[in-house]
Amino acid sequence: MKALMRGGVLRAALVSVSAVTVVIVAAGCGSSNSSSTTTAAAAAGGQNLKLSADPNGQLTFDKTQLSAKAGTVTLTMANPSSSGIEHGIALEGNGVDQDGQIVQPGGTSTVTVSGLKPGKYEFYCPFDSHKQEGMTGSLTVK
Ligand SMILES: [Cu+2]
């Protein structure tokens, strides 16, 4: 009987998650699934760290150091419309290796990692050779 009850609760939770996802897809551009990930993280009380790509087209971010507490962390990178080049945001380190979407100038790329443990991570732009050309920074999780 216990298993049946747990199944019922799980099903109810899945239904509500699906409903939220449908609303997001209907409201969003539908070109990626990361917006729903971000919203789920925000709903779960995750941290949202914001940064921006260089507005003049340099292969840099406006921040090279970020810090967060352990847990769910979302990096939200704005690609200014004046950058004139595609960018994205990705996070790597301590077994984490997750890329956000590549976005055109004027777009926003996000990457969400749940259960982030204390330590040093590297965030970078996964587009073309931007990482190798120095479009990186470090995230310290405490
Ligand atoms: Cu880039």
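**Strand pairing and the nonpolar core**

Modeller: In this predicted model, strand β3 (residues 71–78) and β6 run antiparallel and are joined by seven bridges.

Biologist: What makes β3 and β6 a pair?

Modeller: Two strands count as paired if DSSP finds at least two bridges between them. Seven bridges join β3 to β6, so the criterion of at least two is met. One point of contact in this pairing is Leu-75, whose bridge partner in β6 is Val-111.

Biologist: To which sheet do these strands belong, and in what order do its strands stand?

Modeller: They belong to an open sheet of three strands, ordered β1-β3-β6, with mixed pairing.

Biologist: Why is one side of β1 and of β6 left without a neighbour in the sheet?

Modeller: β1 (47–52) and β6 (108–116) each have a single partner strand, and therefore stand at the edges with one side unpaired in the sheet. On average, neighbouring strands of this sheet are turned by 20 degrees against each other, direction ignored.

Biologist: What is the order of the five strands in the other open sheet?

Modeller: The order is β2-β8-β7-β4-β5, and the pairing is again mixed. Its edge strands, β2 (65–68) and β5 (96–99), pair on one side only. From one strand to the next, the twist averages 25 degrees.

Biologist: How do you know that β2 and β8 are paired?

Modeller: Four bridges join β2 to strand β8 (residues 136–141), and the two run parallel. The threshold is at least two bridges, so β2 and β8 qualify as a pair. Within this pairing, Ser-67 stands opposite Thr-140 in β8.

Biologist: Which residues of the largest nonpolar core touch the most other members?

Modeller: The core holds 22 residues, and those touching the most other members are Leu-75, Ile-89, Ala-90, Leu-91, Val-111, Phe-123 and Leu-139. At least two core residues come from each of β2, β3, β4 (90–93), β6, β7 (119–124) and β8.

Biologist: Why is Leu-91 called buried?

Modeller: Leu-91 is a member of the nonpolar core, and such a core is a set of buried residues. A buried residue has 20 or more other C-beta atoms within 10 Å of its own, so Leu-91 must meet that cut-off. Leaving aside residues up to four places away in sequence, Leu-91 touches Leu-75, Val-96, Gln-98, Val-111, Val-113, Tyr-121, Phe-123 and Leu-139.

Biologist: How many helices and strands does the protein have, and what pattern do they follow?

Modeller: There are two helices and eight strands, following the pattern α-α-β-β-β-β-β-β-β-β along the sequence. Buried residues account for 27% of the 142 residues.

Terms used: Residues are numbered from 1 along each chain as its sequence is written. This is a predicted model: local features need pLDDT of at least 70, side-chain atom pairs count only at pLDDT 80 or more; totals for chains, interfaces and linings use all residues. Axes are lines fitted to C-alpha atoms, for helices over the stretch in contact, and angles run from 0 to 180 degrees between N-to-C directions. A residue is buried if 20 or more other C-beta atoms lie within 10 Å of its own, exposed if 12 or fewer, and partly exposed in between; C-beta atoms are placed from the backbone. A nonpolar core is a set of buried Ala, Val, Leu, Ile, Met, Phe, Trp, Tyr and Cys residues joined through C-beta atoms within 7 Å. Two residues are in contact if their C-beta atoms, placed from the backbone, lie within 7 Å.
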